[in-house]
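Me: Could you walk through a structure with me, one question at a time? I'd like to see the reasoning behind each reply.

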Amino acid sequence: MMMFAVPVFAMGMTDGASPLLQVVPFALILGIFYFIILLPAKRKQQKVQEFLDNLKENDKVVTTGGIYGQISRINGDKVQLQIADKVRIDVSRAAIGGYQGQPQVVESNQS
């Protein structure tokens, strides 16, 4: 039974390979992860933030919840939407998903 343990122990031993060579595959995986996942997410987040910063009064928008309205007032992180004549609601600036008639910039959190 002991003879099967010998190859297992031998696989764990290094034959004097350079430590740099052992780090290269790990660095390649991190690089691929960065360029495939993190960089596009960062660009999308910058695009969303730029959209939210450029909101102004009288813009016709749709919220991530699907409410259509026109911005009547912006106060910090709060946006007042006019959704009908004399009907106004306050929503978070982050809840604005995009302009009416255009693809949404902000993805909704609904499943």
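The questions and replies below go through this predicted model.

Me: Happy to start with the rings. How many aromatic pairs does a search of the whole structure find, and what is the geometry of Y34 and F35?
Reply: The search of the whole structure turns up two aromatic pairs. In one of them, the ring centres of Y34 and F35 are 5.3 Å apart and the planes meet at 80 degrees. An angle over 60 degrees counts as edge-to-face, so the geometry of Y34 and F35 is edge-to-face.

Me: Is F35 buried or exposed?
Reply: Its partner Y34 has 36% relative accessibility and counts as partly exposed. For F35 the value is 57%. The cut-off for exposed is over 50%, so F35 counts as exposed.

Me: Thanks! Now F51 and Y99: how many residues apart in sequence are the parts that this pair ties together?
Reply: F51 and Y99 make an edge-to-face pair, with 5.1 Å from centre to centre and 85 degrees between the planes. F51 belongs to helix α2, residues 19–53, while Y99 belongs to strand β5, residues 96–99. The pair therefore ties together parts whose separation in sequence is 48 residues.

Me: And is F51 buried or exposed?
Reply: Y99 comes out as partly exposed, at 24% relative accessibility. F51 has a relative accessible area of 8%. Since buried means under 20%, F51 is buried.

Me: Good to know. Which element gives the most to the largest nonpolar core?
Reply: That core has twelve residues, among them V48, F51, L52, I71 and L81. Two or more residues come from each of α2 and β3. With three residues, the element that gives the most is α2.

Me: Let's move to the strands. In what sense do β2 and β3 pair, and which residue in β3 stands opposite I71?
Reply: β2 and β3 are joined over five bridges, in the antiparallel sense. L81 is also a member of the largest nonpolar core, as is I71. Its contacts, leaving out residues up to four places away in sequence, include V61, I71, V91 and I96. The residue of β3 opposite I71 is L81.

Me: What about β1: which residue of β2 is the bridge partner of V62?
Reply: β1 and strand β2, residues 68–75, pair over three bridges in the antiparallel sense. They form a hairpin with four residues between them, and G66 in the turn has a positive phi of about 95 degrees. The bridge partner of V62 in β2 is Y68.

Me: Which glycine takes a positive phi in the hairpin of β2 and β3?
Reply: The strands of this hairpin have two residues between them. A positive phi near 65 degrees is found there, and the residue that takes it is G76.

Me: Lovely. What phi does N58 have, and why does it stand out?
Reply: Most residues other than glycine have a negative phi, so a positive value in such a residue stands out. N58 lies in the loop between α2 and β1, and its 54% relative accessibility makes it count as exposed. N58 is not a glycine, yet its phi is positive, at about 75 degrees.

Me: One last one: where is K86, and what is its phi?
Reply: K86 sits in the loop between β3 (78–84) and β4 (87–92). At 84% relative accessibility, K86 counts as exposed. Although K86 is not a glycine, its phi is positive, at about 60 degrees.

Key. Residues numbered from 1 in each chain as written. Predicted model: local features only at pLDDT ≥ 70, side-chain atom pairs only at ≥ 80, totals over all residues. Heavy atoms only, no water. Phe/Tyr/Trp six-rings, centres within 6.5 Å; stacked < 30°, edge-to-face > 60°. Buried < 20%, exposed > 50% of the residue type's maximum accessible area, 1.4 Å probe, protein only. Core = buried A, V, L, I, M, F, W, Y, C linked by side-chain atoms within 4.5 Å. Contact = heavy atoms within 4.5 Å. Pairing = 2+ DSSP bridges.
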